[in-house]
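Here are some exercises to work through with the sequence and the 3D view side by side. Try each task on your own before you read its solution.

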Amino acid sequence: MNPFTSPGGLALLLAVKGNANSAMETLNMSTIPLLDSVVPVIADIRRHKGRFKCMFGGVITTFKEYVSDYRNEIDFREPITILKQHITQQGLRLIDFFKQLDKDGSGSISRDEFVFGLKELNVPLTTSQLDRLIADMDTNCDGEVDYGELIVADTEYRRTLRKKAAAVAEAEVDS
Ligand SMILES: [Ca+2]
Ligand SMILES: [Ca+2]
């Protein structure tokens with residue numbers, strides 16, 4: 001499945017979001033595959049219309065994590081979130097992503113390799129977002145990100161997601 005072939009679902013959601021008076025409380029798109037980019041839109045609609053429900057099908061694997069997280073306001077502008085979404089959407093394993101960026105095979109990704117590789121993969125990070133991402137991941141401060149550092153960042157990211165999802169589940173039990 002190519003997630004980029006389903007812009008219709010996103011367009012529909014944007015229409016609902018754009019119409020503040022829309023009485024629509026349920027949107028059934030259970031036959032339409034959607035991509036990660038709809039998640040912040042759904043979260044945004046939910047903030048204004050608490051009862052809004054959206055059904056969808058064939059969604060990429062990380063979608064559930066994001067959905068269970070939306071109320072905890074995951075920051076979709078976080079560089080690590082943007083990066084992870086794109087890696088997942090393109091069906092890359094972390095090691096594939098790493099190898100693709102480490103052009104000179106040095107075992108670590110330099111800032112230049114990041115700039116080039118992210119452009120190649122169409123990951124829309126700004127220069128300052130990229131610098132923040134590298135600074136966050138580069139724990140030994142050698143200016144580059146090796147595979148171990150990437151794994152650590154990924155593990156921490158997953159842990160944060162799980163914690164937030166658990167908090168959401170708890171809140172739902174309480175209410
Ligand atoms: Ca390298
Ligand atoms: Ca490093």
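**Exercise 1. Getting an overview**

What percentage of the 175 residues of the chain count as buried? Find the order of the helices and strands as well.

Solution. Start with how to read the model. It is a predicted model, in which local features need pLDDT of at least 70 and side-chain atom pairs count only at pLDDT 80 or more, while totals for chains, interfaces and linings use all residues. Residues are numbered from 1 along each chain as its sequence is written, and chains are lettered from A and ligands numbered from 1 in the order in which they are written.

Step 1: apply the burial rule. A residue is buried if 20 or more other C-beta atoms lie within 10 Å of its own, exposed if 12 or fewer, and partly exposed in between, with C-beta atoms placed from the backbone. By this rule, 20% of the 175 residues count as buried.

Step 2: list the elements. Helices (H or I, at least four residues) and strands (E, at least two) are DSSP runs, numbered from the N terminus. The chain has 8 helices and 4 strands, and their order from the N terminus is α-β-α-β-α-α-α-β-α-α-β-α.

**Exercise 2. How confident is the predictor?**

Find the average pLDDT of the chain and look up the score over residues 57-66.

Solution. Step 1: recall that pLDDT is the predictor's confidence in each residue, from 0 to 100. Its average over the chain is 76, and 59% of the residues score at least 70.

Step 2: look at residues 57-66, where pLDDT stays under 50. The model has 23 contacts beyond four places in sequence for this stretch; two residues are in contact if their C-beta atoms, placed from the backbone, lie within 7 Å. Residues 68-73 also have a pLDDT below 50, with 16 contacts beyond near neighbours in sequence.

**Exercise 3. The nonpolar core**

Which residues form the largest nonpolar core, and which helices each supply at least two of them?

Solution. Step 1: a nonpolar core is a set of buried Ala, Val, Leu, Ile, Met, Phe, Trp, Tyr and Cys residues joined through C-beta atoms within 7 Å. The largest one has 12 residues: I82, L83, F97, F98, L101, I109, F114, V123, L133, M137, V145 and A153.

Step 2: the helices that each give at least two residues are α4 (79-89), α5 (94-101) and α7 (127-137). Helix α5 gives the largest share, 3 residues.

Step 3: follow one core member. Apart from neighbours within four places in sequence, V145 is in contact with S108, I109, I134, M137, D138 and L150.

**Exercise 4. Two helices that meet**

How are α4 and α7 oriented: roughly parallel or roughly perpendicular?

Solution. Step 1: two packed helices are described by the angle between their axes and the distance between the axes. Axes are lines fitted to C-alpha atoms, for helices over the stretch in contact, and angles run from 0 to 180 degrees between N-to-C directions.

Step 2: the axes of α4 and α7 come within 9 Å and cross at roughly 95°. Angles under 35 degrees count as roughly parallel, over 145 as roughly antiparallel, 65 to 115 as roughly perpendicular and the rest as oblique. The two helices α4 and α7 are therefore roughly perpendicular.

Step 3: name the residues that meet. P79, I80 and L83 in α4 meet Q129, L130, R132 and L133 in α7. The buried residues of α4 are P79, I82, L83, K84, Q85 and Q89.

**Exercise 5. Loop residues**

Where do N122 and C141 lie, and are they buried or exposed?

Solution. Step 1: N122 sits in the loop between α6 (111-120) and α7. It is not a glycine, yet its phi is positive, about 55°. N122 counts as exposed because it has 9 C-beta neighbours inside 10 Å.

Step 2: C141 is in the loop between α7 and β4 (145-146), and its phi is also positive, near 55°. With 7 other C-beta atoms within 10 Å, C141 is exposed.

Step 3: try P124, which is found in the loop between α6 and α7. The C-alpha atoms of P124 and L83 are separated by 8.5 Å, although these residues are 41 apart along the chain.
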